[in-house]
Structure formats: structure tokens, C-alpha cells
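Me: I've got a model open and want to go through it piece by piece. Let's start with the sheets and work outward.

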Amino acid sequence: MKSSKVLSFIGVFVLMVMAAGVTWATARSDRGSTGEKTTNSHAYLPIVSRPVDPVALAKEQDALVALYQSTNGDEWYESSGWLGSDDHCSWYGVRCDNGRVITLDLNGNQLNGHIPPELGNLTDLQNLDLGQNEDNPGVIIGNNLGGPIPPELGNLGKLQKFVLDGNQLSGPIPPELGSLGNLENLVLDNNQLSGPIPPELGSLTNLLFLDLSYNELNG
């Protein structure tokens, strides 16, 4: 009678674990003092993966769509997968981890237009490279990546590499970039950025490489 109650309790426990979405892995233990390996004794360790937030994923996809539309994506050198698949992680230049965008690399891909503020919603982004998208270096004809750097990019707190060189970006360097505490590389050379270098960039204590050359900065 007692054993049936124990089995019933175990069954309920297993169902509760399954309902909680927890998987279990076994780990072998060693007896360090004798060097004898215990092959039949196992410890059970819970492994819980990070849940995927569908709202966050939708915002990330919307941000990528906004970039495509604001930079004349139909004329990019390479745009395989873009807008043709619901899985934005399979789009050219996009790399994800657990469904979240961590890399957006469209260097030298003939982006023509402006950077949309929606890119600030890619909050897991670690590598952003939109450099070398000036179609005709030294000639301002509008067929290049121009306009201001959106201050919303200061929301990308996990960003480590930020490359926008070789474009026709204009206006000031947003002081909001000073909040990118994990940034290691900031490359903004060969644009038309103007005004003073914001003192907020002094907060980038992890910065290893900074290039602001060939702009119209002053002060």
C-alpha cells in the first residue's frame, strides 16, 4: 500500500516537471580521493533554456524590415532571404542566438538611404557593421548611406563592434552612444559628421579602437 502511494507521488512529480518545461541531464561523478570512477551513480541537473519572447522577435523583424525599406533593399548587392522568409535569422548578413539578432553585417552592400531609428530595438545586437556603403567615394549624389546617426542606437547596450565608416553620414555624433558600455570598436571615419566630439564618449571604458578621422568635426 505504501509503495503504491510512493509511485503515485513520483508520477505526479514527473508530470509537474514536464508541465514546467524543464529538461534533465545526467552527470557522472568521480571519486577524487581514490581515483575510482563511479559509473552507476548519477546526479540530475536541471537545464532551463531562455524562453523566446514572440513580441521581442516581432520588434526585431520589424526593425530589419525598416532598414530594408529605408535603404532601398531591392538594390542591395546581396539581399537573399530578406522579406521572403518569416525567419529573419536566415536573412543575408543576419546572425542570431536563440532567435535574437546578435550580428547585422551589411558592409559594402550598396545601402542607399538612411539608418532607421528602429534599429535601436535590436537590444541583443553585439556586432553592427553598415560600413563602406558609399557607392561613389567623394561624390555626393544621394546614392549612398547618409543622413544622421539615430540616437536610438544608444539603446544597444550589448554592442561590442559599431562600424559605419565609408558612408555619407552627416550631423553630430549622438551623445547617446556614450551609454554603450560594452563597446570595444567604434569606427565612424570617412563620413561628413560635424560638430564637437561628445564628452559622453569618455564613458566608453571598454573601448579599444576609435576612428573618427576624415569627418568635419570641430571644437
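Me: In what order do the strands run in the open sheet of five strands?
Reply: Ground rules: this is a predicted model where local features need pLDDT (the predictor's confidence in each residue, from 0 to 100) of at least 70, side-chain atom pairs count only at pLDDT 80 or more, and totals for chains, interfaces and linings use all residues. Residues are numbered from 1 along each chain as its sequence is written, and side-chain values use heavy atoms, leaving out hydrogens and water. Strands here are DSSP runs of E, at least two residues long, helices are H or I runs of at least four, and both are numbered from the N terminus. The pairing in this sheet is parallel, and the order is 5-7-9-11-13.

Me: Which strands are the edge strands there?
Reply: Two strands pair if DSSP finds at least two bridges between them. Strand 9 (168–171) and strand 11 (192–195) make two parallel bridges, with serine 170 opposite glutamine 192. The strands that pair on one side only are strand 5 (113–114) and strand 13 (216–217).

Me: And the sheet of six strands: what is its average twist from one strand to the next?
Reply: That one is also open, with mixed pairing and the order 3-4-6-8-10-12. Strand 3 (94–97) and strand 12 (209–211) each have a single partner strand, so one side of each has no neighbour in the sheet. From strand to strand, the twist averages 15 degrees.

Me: What angle does helix 2 make with strand 4?
Reply: Helix 2 packs on this sheet and touches strand 3 and strand 4, where contact means heavy atoms within 4.5 Å. Axes are lines fitted to C-alpha atoms, for helices over the stretch in contact, and angles run from 0 to 180 degrees between N-to-C directions. On that basis helix 2 and strand 4 make an angle of about 15 degrees.

Me: Which residue in strand 6 stands opposite leucine 104?
Reply: Strand 4 (100–105) has neighbours on two sides. With strand 3 it pairs in the antiparallel sense over four bridges, and there leucine 104 is the bridge partner of valine 94. With strand 6 (127–129) it runs parallel over three bridges, and aspartate 105 faces aspartate 129. Leucine 104, for its part, stands opposite leucine 128.

Me: Which turn residue between strand 3 and strand 4 has a positive phi?
Reply: These two strands form a hairpin, with two residues between them. The phi in question is about 55 degrees, and the residue is asparagine 98.

Me: Which element gives the most residues to the largest nonpolar core?
Reply: A nonpolar core is a set of buried Ala, Val, Leu, Ile, Met, Phe, Trp, Tyr and Cys residues joined through side-chain atoms within 4.5 Å; buried means under 20% relative accessible area, exposed over 50%, partly exposed in between, with a 1.4 Å probe and protein chains only. This core has 36 residues, and among those touching the most other members are Trp82, Leu104, Leu128 and Phe162. Helix 2 (54–70) and strand 4 each give two or more residues, and five of strand 4's six residues are buried. The element giving the most, four residues, is helix 2.

Me: Why is the disulfide between cysteine 89 and cysteine 96 called left-handed?
Reply: A disulfide is a pair of cysteine sulfur atoms within 2.5 Å, and these two sit at 2.2 Å S to S. Cysteine 89 is partly exposed at 24% relative accessible area, as is cysteine 96 at 22%. It is left-handed because the torsion about the S-S bond is about -95 degrees.

Me: Is aspartate 124 buried or exposed?
Reply: Aspartate 124 lies in the loop between strand 5 and strand 6. Its C-alpha is 7.7 Å from that of leucine 159, 35 residues away along the chain. With a relative accessible area of 9%, aspartate 124 is buried.

Me: Over which residues, besides 137–142, is the pLDDT below 50?
Reply: The protein chain averages a pLDDT of 82, and 72% of its residues score at least 70. Where pLDDT is low, the predicted coordinates should not be read in detail. Residues 137–142 have eight contacts beyond near neighbours in sequence. The other stretch, with 31 such contacts, is residues 2–48.
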